[in-house]
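Got the viewer open? Here's a walk through the model, stop by stop, with something to select at each one.

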Amino acid sequence: PHCAMPVPWPEQATLIPSLEHRAICVHQLRSLRLLLQRLCETGLLREAKGNSHRGSCPSDPIDWYQLNMYDIRDLVVKPLILHLEQRRGTCRKYSWVELVATKEQPAQILMSHYWGGRFRDFMHVVEGLVKKRAFSANATLWVCTFANSQFG
């Protein structure tokens, strides 16, 4: 029997013209983290040919502990948006936040990161910030990887 994996996005993308309103909610980051962990655990995230910044072989599975923002952009964000829009019969390109949000999400805080840094370390910082500031899961963080369209 076919089991569908729960996905962290609605049926339709929400186009948000104002970049400053494309912050990602903590709960959306947590859903993304869970999706990425599952993709790594099942071996579905693999080094792209000619795109290995870790020095591993193309098609090697990416370990959750090594997953970084380059991987997320190249192996999840861009291919997933292109796939979904192709299925919808369009060729729209937009940000991850526009995929997962249902309305504008103004930023409460700006997060900076190193693209080659491990995503799990980034999430550790996010969780620490949430705890220290007593933020809810609806708190919004502006993160370039998810706010900007990665299609150039």
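Before you click anything, one cut-off for the stops ahead: a residue counts as exposed when its relative accessible area is over 50%, as buried when that value is under 20%, and as partly exposed in between. Keep in mind, too, that this is a predicted model.

**Stop 1: the loop between H4 and S3**

Select Asn-138. You'll find it in the loop between H4 and S3. Its relative accessibility is 52%, so Asn-138 counts as exposed. Which residues does Asn-138 touch, leaving out those up to four places away in sequence? Show Cys-25, His-27 and Gln-108. Now add Ile-24 and draw a C-alpha to C-alpha distance: Asn-138 and Ile-24 sit 114 residues apart along the chain, yet 8.8 Å separates their C-alpha atoms.

Stay in this loop and move to Ala-134. The loop runs between helix H4 (119-133) and strand S3 (140-143), and Ala-134 lies in it. Ala-134 is exposed, because its relative accessible area is 66%. Check the backbone while you're there: phi at Ala-134 is positive, about 55°, although the residue is not a glycine. For background, most residues other than glycine have a negative phi.

**Stop 2: zoom out**

Colour by secondary structure. You should get 5 helices and 3 strands. Follow them from the N terminus and the order reads β-α-α-α-β-α-β-α. The chain has 152 residues, and buried ones make up 40% of them. Turn on contacts between residues at least 6 apart in sequence, and 74% of these join residues at least 24 apart.

Next, colour by pLDDT. The mean for the chain is 90, and 88% of residues reach 70 or more. Residues 1-5 are a stretch to treat separately: pLDDT is below 50 there, and the stretch has 3 contacts in the model beyond near neighbours in sequence.

**Stop 3: Val-143 and Met-69**

Select Val-143, in strand S3. Is Val-143 buried or exposed? With a relative accessible area of 1%, it falls under the 20% cut-off and is therefore buried. Its contacts, leaving aside neighbours within four places in sequence, are Ile-24, Met-69, Met-111, His-113 and Phe-122. For another distance to draw, try Ser-112: Val-143 and Ser-112 are 31 residues apart in sequence and 6.6 Å apart, C-alpha to C-alpha.

From that contact list, hop to Met-69. This residue lies in helix H2 (residues 69-87). Met-69 has 1% relative accessibility, so it counts as buried. Show what Met-69 touches beyond four places in sequence: His-113, Trp-115, Gly-117, Phe-119, Phe-122, Val-143, Thr-145 and Phe-146. You'll recognise His-113 and Phe-122 from the contacts of Val-143. Pick out Gly-117 for a distance: it is 48 residues from Met-69 in sequence, with 7.1 Å between the C-alpha atoms.

**Stop 4: along H2 to Leu-80**

Stay on helix H2 and select Leu-80. This leucine is buried because its relative accessible area of 17% is under 20%. Which residues does Leu-80 touch, not counting those up to four places away in sequence? Trp-9, Trp-96 and Leu-99. Leu-80 and Leu-99 are 19 residues apart in sequence, and their C-alpha atoms are 9.8 Å apart.

**Stop 5: the largest pocket**

Keep Trp-9 on screen and bring up the pocket surface. The largest pocket holds about 280 Å³ of space. Its lining has 10 residues, and the closest to the pocket's centre are Trp-9, His-83, Leu-84, Arg-87 and Arg-88. Colour the lining by type and you get 6 nonpolar, 1 polar and 3 charged residues. Trp-9 links this stop to the previous one, as Leu-80 touches it.

**Last stop: the cysteines**

Finish with Cys-40 and Cys-144. Cys-40 has 10% relative accessibility, so it counts as buried. Cys-144 is partly exposed, because its relative accessible area is 23%. How many disulfides does a search of the whole structure find? It finds 0.

How values were computed: Residues are numbered from 1 along each chain as its sequence is written. This is a predicted model: local features need pLDDT of at least 70, side-chain atom pairs count only at pLDDT 80 or more; totals for chains, interfaces and linings use all residues. Side-chain values use heavy atoms; hydrogens and water are left out. Helices (H or I, at least four residues) and strands (E, at least two) are DSSP runs, numbered from the N terminus. Buried means under 20% relative accessible area, exposed over 50%, partly exposed in between (1.4 Å probe, protein chains only). Contact means heavy atoms within 4.5 Å. On a 1 Å grid over the protein atoms alone, a cavity is a set of points where a 1.4 Å probe fits but cannot get out, and a pocket is an open set with protein on both sides within 12 Å along at least five of seven lines; lining residues have an atom within 4 Å of a point. Grid points are joined across faces, edges and corners, and a volume is the space filled by probe spheres set on the points. Ala, Val, Leu, Ile, Met, Phe, Trp, Tyr, Cys and Pro count as nonpolar, Asp, Glu, Lys and Arg as charged, and the others, Gly among them, as polar. pLDDT is the predictor's confidence in each residue, from 0 to 100. A disulfide is a pair of cysteine sulfur atoms within 2.5 Å.
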